[in-house]
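This report looks at enclosed empty space inside a protein. Please view the sequence and the structure before reading on.

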Amino acid sequence: MREDELLEYGIQQFEKEIYEEALEAFVLLHMRGYNQEEILKNIYSCYMEGNEGQFRETYGRCSIFKEIPYEECLLDFVPYKEGEYFIYDKLKRGFLGTFSLPEIEREKELNREFDDIAVELDWDWRLFKPALKWTGKHKLYAICHDKRRSVSFCKIPEMEKYFQKVFAFGDREEYRQYFHTNTSVFLPRFFWGNQDDKLALAHIWEEEHAYRLTPQGRNTENVVLSIGIPTHDRGNLALEKVVNLLTMCYDAEIEILVSKNGMALYQEEYRKIAAISDARLRYVDHNKELTADISWIKTVELSKGRFTLLVSDEDSVIIEALDHYLSMLLENPELIFVRAKTALQYSFITTKEMKKGIDAFSQVFLQNNYLSGAILRREAFMRLPFEKIKEEAKSNAYYISYTHEWWFCFLSFEGDCRLDGECLVAEGDSVREKQGEQYKKRGEDALSAGYDSDGGLQSYATYESRLEQFKGYIEFIHYIEGKGGENLAQKGVALAIKKTISLIKLAYFGFHYKTDEIMEVLDKFSRLCISAVEEFAFTAEEKESLLRILLHQIQNGGWEI
């Protein structure tokens with residue numbers, strides 16, 4: 001088609017209000033060099049003037065280079081189809097093709113939950129559509145060598161949501177210096193661009209990450225998660241876990257806190273932990289014997305993170321899962337307690353959100369006997385009245401055996417909780433019995449108390465102890481009955497019945513503990529349950545429901561009688 005025919009076609013399409021085809025014709029004419037000045041004037045008059053105000057307002061809100069005024073932008077964007085624009089370069093006086101927002105939306109999501117992104121470009125954001133798409137959850141750090149062209153994209157109204165999380169730099173040194181100075185800002189660990197640019201960005205990350213592992217480069221202002229390891233006379237295990245954790249790529253986001261008490265075993269290994277030169281690791285030696293509850297409280301109290309993950313020195317944190325948990329905690333800062341999935345004890349967990357009160361209580365009560373994988377919001381946990389609780393519950397067998405479960409139940413009434421189905425902890429073999437033997441060999445009977453009993457079963461896990469703990473469960477339900485809704489007591493008693501039977505079964509089937517006495521034990525337990533049900537103001541239907549649960553649990557226990 002000749003230029004005059006193409007011009008006539010464009011005018012006709014415009015008059016018919018077929019604006020897209022008209023614009024295509026006008027742009028093609030300009031690219032052919034036909035009467036460019038007049039064609040461009042008409043394009044701006046017909047397509048740009050009505051949108052100029054919106055372009056300016058958008059640019060004012062989301063420009064990634066605040067020092068560059070709107071008038072100095074080198075690119076203009078002519079509205080074309082829905083979410084698409086022709087790009088006009090004012091310096092080169094030519095059109096550079098189109099920019100499509102729908103193409104960004106069609107990009108796949110990044111398969112990383114936490115890591116931020118870094119890119120290096122001249123100016124053309126069309127080459128970085130995946131990186132722009134990922135700004136929904138991630139920050140994007142961009143080195144833009146051609147600042148006046150790259151910032152021009154900030155005019156586009158639909159781009160505002162993407163540029164809200166873009167931080168721009170004029171060159172690599174400015175980018176590097178930003179992270180070297182702002183050591184509380186998380187380093188991006190995902191790089192996008194050509195191979196040379198990605199290698200350069202990775203090199204900067206390596207240098208700055210290494211700096212952040214030094215005392216001079218350490219910043220604890222923005223720690224999301226403290227991995228707290230309360231440890232007692234297990235320096236060999238603690239050292240092994242620390243060495244593994246220090247292979248992770250995180251720095252300002254995380255800390256490892258080893259809270260050590262106990263003066264008897266593996267002291268040389270503890271000294272090796274103390275000598276490790278990595279600023280992410282904090283080692284605290286209390287230089288005395290602490291009870292387990294005080295050790296746990298101290299671990300959280302000393303943490304710098306907004307959240308503290310408690311993990312036994314027997315167990316290993318799955319480093320690959322930290323990406324998920326860091327992201328989840330940042331997105332849910334209001335959570336007060338998280339129970340993470342573990343490889344064994346809590347392998348059944350699927351992700352579930354629980355609102356504070358009866359909903360959270362029903363998932364927390366008697367379901368957190370194992371400490372590893374418990375994540376606590378530090379400031380909320382430290383508000384608990386530990387001394388008051390201890391004084392009021394000092395003779396309660398449930399509190400004595402599972403103090404931390406009381407704390408978690410209290411938290412369930414203070415804020416929202418979560419079960420998370422991403423496996424975070426791999427449990428190791430228990431060394432309790434071996435440790436007890438070591439104490440005995442040293443003649444330290446006081447420390448070995450409770451490490452073993454008949455049949456290798458720990459003293460807190462005997463039938464007798466479980467029945468006393470059940471009484472404690474019921475006392476606890478009375479203790480907090482006024483905190484929740486009308487169904488709290490009924491749900492609590494039902495959970496107590498199921499939990500006690502499961503623990504009796506563990507002793508019976510797992511350790512073959514006093515198997516000839518099981519019928520007598522079940523009879524005692526039944527009497528305790530009937531008495532407990534009568535203590536509450538249950539309706540006849542509620543009592544009947546609870547006793548049916550008891551009967552079902554006993555009849556379907558699989559006892560080999």
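**What counts as a cavity**

A cavity here is a set of grid points where a 1.4 Å probe fits but cannot get out, and a residue belongs to its lining if it has an atom within 4 Å of a point. The model examined is a predicted one. By this rule it holds 4 cavities of 30 Å³ or more.

**The largest cavity**

The volume of the largest cavity is about 50 Å³. Around it lie Ile227, Ile229, Lys241, Asn244, Leu245, Val311, Ser312, Asp315, Ser316 and Val317. Two or more lining residues come from each of strand S8 (225-232), helix H11 (235-245) and strand S12 (316-317). The most is given by H11, with 3 residues.

In terms of chemical type, the lining of the largest cavity consists of 5 nonpolar, 3 polar and 2 charged residues. Lys241 and Asp315, both in this lining, are of the charged type.

**The second largest cavity**

The second largest cavity has about 40 Å³ of volume. Its lining is made up of Asp293, Ile294, Ile297, Phe386, Glu387, Lys390, Tyr399 and Trp407. Two helices, H13 (292-302) and H17 (386-393), each supply at least two of these residues.

How many residues of this lining are nonpolar, polar and charged? The lining of the second largest cavity has 5 nonpolar and 3 charged residues, and no polar ones.

Terms used: Residues numbered from 1 in each chain as written. Predicted model: local features only at pLDDT ≥ 70, side-chain atom pairs only at ≥ 80, totals over all residues. Heavy atoms only, no water. 1 Å grid on protein atoms, 1.4 Å probe; cavity = no way out; pocket = protein on both sides within 12 Å on 5 of 7 lines; lining within 4 Å. Points joined across faces, edges and corners; volume = space filled by probe spheres on them. Helix = DSSP H or I, 4+ residues; strand = E, 2+ residues; numbered from the N terminus.
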